[in-house]
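User: Please take a close look at one helix of this model and at the parts of the chain that surround it. A formal account, with the cut-offs behind each term, would be appreciated.

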Amino acid sequence: MPLENCIAPLKTFYINYRHTLYTLHYKPMTNFDSLVSSIHDTHLTLQQSAVKAINKHLTIRNWLIGFYIVEFEQNGEDRARYGEKLLQTLADSLNLESLSYRNLRLSGSFICYIQELGR
């Protein structure tokens, strides 16, 4: 079956994915340049959307990590055992590049900064 028979010549169609409704505008592709343009536009639009989602999720992640660290520093039963080396010990235990000592320190600072904004 030829590919052109697989889709109807729609002008606009909707995709509901994980409770998000996406509206896609179909451009008839009459030549190679319109195919390239459609693929390029689709890529850029969805890539920008992915970047926004990633930024939102990283902000939430950093806030939560900072919250966990501050809560542990203030209320943890064995906090005195770690003392000043808490972040380095935590970074070594996690062993993830994205959660290095520096990033953990920034996450702790981030929650304090956000709390100050709320006052």
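Analyst: The account below concerns helix H1 and its surroundings.

The model is predicted: local features require pLDDT of at least 70, side-chain atom pairs count only at pLDDT 80 or more, and totals for chains, interfaces and linings use all residues. Residues are numbered from 1 along each chain as its sequence is written, and side-chain values use heavy atoms, with hydrogens and water left out.

The protein chain contains four helices and two strands, where helices (H or I, at least four residues) and strands (E, at least two) are DSSP runs numbered from the N terminus. Along the sequence, these elements follow the pattern β-β-α-α-α-α. Helix H1 covers residues 32-75. Its 44 residues should span 64 Å at 1.5 Å a residue, and the end C-alpha atoms are 63 Å apart, which agrees; the expected span is 1.5 Å times one less than the number of residues.

Of the 119 residues in the protein chain, 13% are buried; buried means under 20% relative accessible area, exposed over 50%, and partly exposed in between, with a 1.4 Å probe and protein chains only. In H1 the buried residues are Ser 34, Ser 38, Ile 65, Gly 66, Ile 69 and Val 70. An α-helix has 3.6 residues a turn, so residues three or four places apart point the same way. The cover over the buried residues of H1 includes H3 and H4, a contact being heavy atoms within 4.5 Å.

Two residues of H1, Ile 65 and Ile 69, belong to the largest nonpolar core, whose seven members also include Leu 86, Leu 87, Ala 91, Leu 99 and Leu 104. H1 and helix H3 (86-94) each supply at least two residues of this core, and H3 gives the largest share, three residues. A nonpolar core is a set of buried Ala, Val, Leu, Ile, Met, Phe, Trp, Tyr and Cys residues joined through side-chain atoms within 4.5 Å. In soluble globular proteins, nonpolar side chains tend to be buried together. Leu 104 touches Ile 65 and Ile 69, as well as Leu 87, Leu 90, Ala 91, Leu 94 and Leu 99, not counting residues up to four places away in sequence.

Helix H4 (residues 101-117) also contains Ser 107, which counts as buried at 3% relative accessibility. With residues up to four places away in sequence left out, Ser 107 touches Asn 62, Ile 65 and Gly 66.

Two loops adjoin H3. Asn 95 lies in the loop between H3 and H4 and is exposed, with a relative accessible area of 65%. Although not a glycine, Asn 95 has a positive phi of about 55 degrees. Lys 85 lies in the loop between helix H2 (79-82) and H3 and is likewise exposed, at a relative accessible area of 61%.

H1 also contributes to the second largest pocket, which has a volume of about 150 Å³. Its lining consists of Tyr 17, Arg 18, Thr 20, Tyr 22, Leu 46, Ser 49, Ala 50 and Ala 53. On a 1 Å grid over the protein atoms alone, a pocket is an open set of points where a 1.4 Å probe fits, with protein on both sides within 12 Å along at least five of seven lines, and lining residues have an atom within 4 Å of a point. Strand E2 (20-25) and H1 each supply at least two lining residues, and the largest share, four residues, comes from H1.

Definitions and conventions. Grid points are joined across faces, edges and corners, and a volume is the space filled by probe spheres set on the points.
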